[in-house]
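Thanks for sharing this one. Here are a few friendly notes to read alongside the coordinates, starting with one small point of terminology.

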Amino acid sequence: MRRWHARRRQSRVGVARRAGTAAALTAALLGAVSCTGTAKPSSAVAGTAPATTAPAAATPTSSPDVTPAQVPDILRFTGTTLTGTAFDAAQFAGRPVVLWFWAPWCATCASQAWTVAEVAPRYRDTVPIVGIAGLGEQRAMKEFVTEFDLAGMPQIDDRAGALWRRFKVTEQSIFVIIDRDGKVIHQGFLDGEAITARVAALAGA
């Protein structure tokens, strides 16, 4: 009788062990299924990328090409301003430009200077006005610019007369107006009222 009970206890222990083993196998199988992507993946370790990362959206590396305006021959000249800065007229390609040829001792130039000083900053981005000083000493030119508050626009030092000869200017004060296509549409004298009207018209064109 004792042997029968002992055998029965051993049988129960064996069943329990087999049940535990089966449960462990089931858990292992369920764990394997959870790695197939049907279950929610665990959080990635900080500083590392997930094993399966969606490709990043393409980022443009450059903006579309912008064709610069062609520089007309009339604006293919350079110089040095009264402050010693290099000047290149090519920067104004595609815009109308006003060139003002003046001399520091010229009374007519002085009478126009106040109007030019008022108009130039207002239309700087649409119709730039460039002063080209000649027929005088640099010190006198700088004093003229200071006296009439003309520092807000480029003032080229043309004591050698290279630009005056290039544009065939033989007297002062002379305005040379160039349209956006590089064509000279006026060369000659303009009073204050005419300067303002011309520049405003070009800006609105």
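1. Before the hairpin, a word on terms: strands here are DSSP runs of E with at least two residues, numbered from the N terminus. Two strands count as paired if DSSP finds at least two bridges between them. Please also keep in mind that this is a predicted model.

2. With that settled, the hairpin of β6 and β7 has five residues between its strands, and Gly-182 takes a positive phi near 85° there. The two strands, residues 174-178 for β6 and 184-188 for β7, run antiparallel and share four bridges. Among the bridge partners, Phe-175 is matched with Gly-188 of β7, and Val-176 with Gln-187.

3. Where does this pair sit in the sheet? The order is β5-β4-β3-β6-β7, an open sheet of five strands with mixed pairing. β5 (155-157) and β7 each have a single partner strand, so one side of each lacks a neighbour in the sheet. On average, neighbouring strands are turned by 15° against each other, direction ignored.

4. On the other half of the order, helix α3 (residues 138-147) lies across β3 (97-102), β4 (129-133) and β5. Its angle to β3 is about 125°.

5. Is His-186 buried or exposed? This residue belongs to strand β7, and its relative accessibility is 15%; the cut-off for buried is under 20%, so His-186 counts as buried. Leaving aside residues up to four places away in sequence, His-186 touches Phe-175, Val-176, Ile-177 and Arg-198. The side chain of His-186 also reaches the backbone oxygen of Gly-188 at 3.5 Å.

Note on methods. Residues are numbered from 1 along each chain as its sequence is written. This is a predicted model: local features need pLDDT of at least 70, side-chain atom pairs count only at pLDDT 80 or more; totals for chains, interfaces and linings use all residues. Side-chain values use heavy atoms; hydrogens and water are left out. Axes are lines fitted to C-alpha atoms, for helices over the stretch in contact, and angles run from 0 to 180 degrees between N-to-C directions. Contact means heavy atoms within 4.5 Å. Buried means under 20% relative accessible area, exposed over 50%, partly exposed in between (1.4 Å probe, protein chains only). A polar contact is a pair of N or O atoms within 3.5 Å; within protein, one must be able to donate a hydrogen and the other to accept it, and residues adjacent in sequence count only if both atoms are side-chain atoms.
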